[in-house]
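Here are some short exercises on cysteines and nonpolar cores. Have a look at the model, try each task, and then compare your steps with the worked solution.

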Amino acid sequence: MLKALINKQFSEIFRTYFVDKKTGEAKPKKKIITSFVVFALIMLLLAGMFFAMSFLFLPLMKLDRSVHWIYFAAMGAVSILLGIFGSVFNTFASLYLPKDNELLLAMPISPLKLLLSRVSVVAGLAALYSGLVFVPSCIFYYIFGKPTFLSVIYDVLLFLLITLFVSALTCILGFLVALIALSVKNKKGKSFITVLLSIAFIFGYYYAINKMNTAITYLATHPTTVGNSIKKWGNLIYQLGEAAMGNSLSMLIFAGVSVVLSGICLFVLSKTFLNLATKNKGEKNTQNKSAKISKQSGVMSALVKKEFLRFTGSATYMLNCGLGIIFTPAVAVFCFIKRKAILSALSALNSAFGIDVKAYLPLVTVAVIALVSSMNTVSTPSVSLEGKNLWILKSLPVQTKDIINAKLKLHNYLCVPSVVLSVVIMGIALKLDVTFVILGAALLTVITYFIGAIGLMFGIKNPNFNWTNETTPIKQSLNVLFVLLIGWVIPVVLVGGYYLIRKFLVPDFEAATFLSFFVVIFAFAVRFVTKWLLTEGTRALEEL
């Protein structure tokens, strides 16, 4: 039974690779192979980035082998950090919020087996993300370091132990989030608490990443000083580093801690899982609430409120599709705080390389905001999140185009103020002309409208209603991936296009003219996609 449950969990994760979500039939082999090749290439690219990061330790490789453990201690710590970051946001939803929890628990299935099957997904993600760091770091050491046969064997075992260690820590964090969520009586409060805790973790993670290169450089050049500090304040990381070098005692210590921590974690979860997974959390009846809203307000207002409640009622939805709403102004505020240092750096860049910084600054400002705000994909999974209850929405006395407009309006209401505020703050910080600020705000507004419209178009054309965990349409979706890629390409086209025009066509081409041109281009693109949504998209949604 446990094997069947684990197979079910992983088949749901990879279902989109094998099954056509519209027809429910198996995809052609070419499409399956293409999907996995793209996924593998992305993973190889990420692994290559961490392999390149290992070159910061090249000076350490030239020193005596007795200090090489510091390399594995540092890369092991990064591996653990990335493993936790990559899997922690799925843990709470994967363990406690799947739609089929109560159904499976009503069957003759042991809660422990169901828990283990859920934890297996967490372990799989932990292995994937941790491996992106640990495996390339091992390969780097085998090329440039001084490995032994025993150290290679221990490295393989350490990969499994790091996965175990990360899984335990991630499950503990998910358990703590569940406890905090239960202390709040309404669903929206739980979601906001989860989001706040996650954002705090994200800021901590990025702060650590920001300091990483400096720390690694110092570590590689001052191994003795850093080594003594690690032994004193981070002994477990020291044991990991020594184990990777072939130290059997350190291997036993790290393995013992990982196994004991996992055992304690599994014991606590097994005693609390049934209660946390099935406890009535006190949410109000959403159908009654929706009905009340419909009576008190107009059709469009009621539909937008319904979408807003869906968004704010899910921490997973807010974290994965609306994080840019917070991060975009946060980046702008950071630029405002560091404005003197940034302006000084730009001036130095102008002097050193003769680059006309003022010419490119408006485009770079807009590109940075567009890149950060590309994390906003609110409209993309909105159709799929209706699930098998879409027929209820379509049975209401509202037009289908109103349903589509409501999903678009929510995306724009949430995301447009964020980008406009950000460009104003950055304009003040970087002393941009008012014309550039106005054009930048206009361009970012139409880009936001375009991302919302194109995301909704993908959601209608390629919906996924066969999910038991909302992370499937929100995170494990090609629709979201494509929209993110579009959001990443736009800033590159903006800055790259302007650079090429100035370099090869018109050296003194004005940034204001370029921005105005793209405002018009994206306005036409929004008009085109919106027209499709209200005609072909409306018919497609009615047929779903």
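**Exercise 1.** Work out whether Cys 265 is buried or exposed in this predicted model.

*Solution.* Start with the relative accessibility of Cys 265, which is 7%. Buried means under 20%, so Cys 265 counts as buried. Next, place the residue: Cys 265 is included in a second, separate core of 52 residues, along with Phe 50, Leu 114 and Ile 162.

**Exercise 2.** Find how many disulfides the model has, and explain why Cys 265 and Cys 321 lack a bond.

*Solution.* First, recall the cut-off: the two sulfur atoms must be within 2.5 Å. For Cys 265, the closest cysteine sulfur belongs to Cys 171 at 4.6 Å, which is too far for a bond. For Cys 321, the closest is in Cys 415, and 9.8 Å is again too far. Cys 321 is buried too, at a relative accessible area of 0%. The count of disulfides by this rule is zero.

**Exercise 3.** Identify which residues have the most contacts inside the largest nonpolar core, and which element gives the largest share of this core.

*Solution.* The core holds 57 residues, and the most contacts inside it belong to Leu 443, Phe 450, Leu 494, Phe 522 and Leu 533. Elements giving two or more residues include α20 (400–429), α21 (434–461), α23 (478–505) and α24 (511–543). Of these, α21 supplies the largest share, with 15 residues.

Now zoom in on Phe 450: leaving aside residues up to four places away in sequence, Phe 450 touches Ile 486, Ile 490, Phe 522, Ala 525, Val 526 and Val 529.

Notes. Residues numbered from 1 in each chain as written. Predicted model: local features only at pLDDT ≥ 70, side-chain atom pairs only at ≥ 80, totals over all residues. Heavy atoms only, no water. Core = buried A, V, L, I, M, F, W, Y, C linked by side-chain atoms within 4.5 Å. Buried < 20%, exposed > 50% of the residue type's maximum accessible area, 1.4 Å probe, protein only. Helix = DSSP H or I, 4+ residues; strand = E, 2+ residues; numbered from the N terminus. Contact = heavy atoms within 4.5 Å.
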